[in-house]
Amino acid sequence: MLKLHGFAVSNYYNMVKLALLEKGLAFEEVLFFGGQSPQALKVSPRGKIPVLETEHGFISETGVILDYIEQTQPGKALLPADAFGQAKVRELLKEIELYIELPARTCYAEAFFGTAVEPLIKERARADLLAGFATLKRNGRFAPYVAGEQLSIADLMFCFSVDLACLVGKKVLNLDFLADFPQAAALLETLRQNPHMAQIVADKEATMPAFLEMIKSGKR
Ligand SMILES: N[C@@H](CCC(=O)N[C@@H](CS)C(=O)NCC(=O)O)C(=O)O
């Protein structure tokens with residue numbers, strides 16, 4: 001059976017978890033905080049989570065894991081059948097990750113953990129996020145899903161990145177990225193109503209104390 005290593009507080013972990021749930025696949029969750037210990041690095045070469053354990057070995061990097069699941073597992077398709085359609089989904093996924101998720105992440109410490117972030121980093125995040133949201137506005141289809149009529153792996157990245165980036169906007173940058181982006185606000189709401197989200201949110205809340213303890217102790 002597939003095993004998903006990581007912790008339910010992580011947005012990247014939850015992208016993969018939602019893919020597995022949407023496809024109706026059996027999988028086991030293994031609590032793993034990543035990090036730089038020799039044991040962790042045997043599972044995840046960069047010490048990051050999530051990691052998917054397959055019968056052949058471990059796979060890291062969320063986009064790659066999502067592709068692997070799509071190529072090898074039965075259940076609801078999260079990519080179109082044609083190569084061009086698939087490329088457009090992956091393009092959107094990548095744009096959201098590189099130009100929204102990663103700049104927002106530079107301000108997570110201040111937004112979610114009460115640790116001030118340097119003004120220069122915030123200025124950079126502001127410029128990058130404005131460009132990232134402009135890119136998504138230009139390229140997203142929102143019909144109603146980010147790449148078209150069907151839920152795709154791009155929506156998984158959208159769902160768990162754009163919500164946090166919007167919180168960074170509000171709490172750290174004094175910016176409302178959704179104010180002039182009603183299609184994105186509507187899609188976030190649609191995804192929040194996804195029947196599997198209740199489980200994902202409940203598991204996140206249940207894992208939060210262990211996660212905060214791990215952060216406080218500085219242990220991995
Ligand atoms: N590029 C990685 C990024 C994953 C990532 O940043 N995961 C975070 C949790 S949301 C993590 O492992 N943080 C621990 C660390 O950086 O040591 C992916 O696509 O899976």
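## Exercises on the ligand site and two domains

A nitrogen atom of the ligand has a backbone N or O atom of Ile 49 at 2.8 Å. This is a polar contact (a pair of N or O atoms within 3.5 Å). The model is predicted, with pLDDT of at least 70 required for local features and 80 or more for side-chain atom pairs, while totals for chains, interfaces and linings use all residues. Residues count from 1 along each chain as its sequence is written, and side-chain values use heavy atoms, without hydrogens and water.

**Exercise 1.** Find which residues are closest to the ligand.

Step 1. Count the shell: eleven residues surround the ligand. To be near, a residue needs a heavy atom within 4 Å.
Step 2. Pick out the closest: Ser 10, Lys 48, Ile 49, Glu 61 and Thr 62.
Step 3. Sort the shell by type. Three residues are nonpolar, three polar and five charged. Here Asp, Glu, Lys and Arg are charged; Ala, Val, Leu, Ile, Met, Phe, Trp, Tyr, Cys and Pro are nonpolar; the others, Gly among them, are polar.
Step 4. Add the helices. H1 (11-22) and H4 (83-105) each give the shell at least two residues. Helices are DSSP runs (H or I) of at least four residues, strands (E) of at least two, numbered from the N terminus.

**Exercise 2.** Find what the side chains of Lys 48 and Glu 61 contact on the ligand.

Step 1. Lys 48 places a side-chain N or O atom 2.7 Å from a ligand oxygen atom.
Step 2. Glu 61 has a polar side-chain atom 2.6 Å from a ligand nitrogen atom.
Step 3. Check the cover. On its own the ligand has 510 Å² of accessible area, and the protein covers 81% of that. The areas are Shrake-Rupley values with a 1.4 Å probe.

**Exercise 3.** Describe the backbone at Ile 49 and at Glu 61.

Step 1. Ile 49 is joined to Pro 50 by a cis peptide bond, with omega near 10°.
Step 2. Place Pro 50: the loop between helix H2 (38-43) and strand E3 (51-54).
Step 3. Glu 61 is not glycine, but its phi is positive, near 80°.
Step 4. Place Glu 61: the loop between strand E4 (57-60) and helix H3 (62-72).

**Exercise 4.** Set out the two annotated domains by range.

Step 1. The unreviewed UniProt entry lists "GST N-terminal" at residues 1-77. Such annotations may be inferred rather than shown by experiment.
Step 2. Residues 1-77 are 38% helix and 23% strand.
Step 3. The entry gives "GST C-terminal" as residues 82-211.
Step 4. Residues 82-211 are 75% helix and 0% strand.

How values were computed: Polar contact = N/O pair within 3.5 Å; in protein donor to acceptor, adjacent residues only side chain to side chain.
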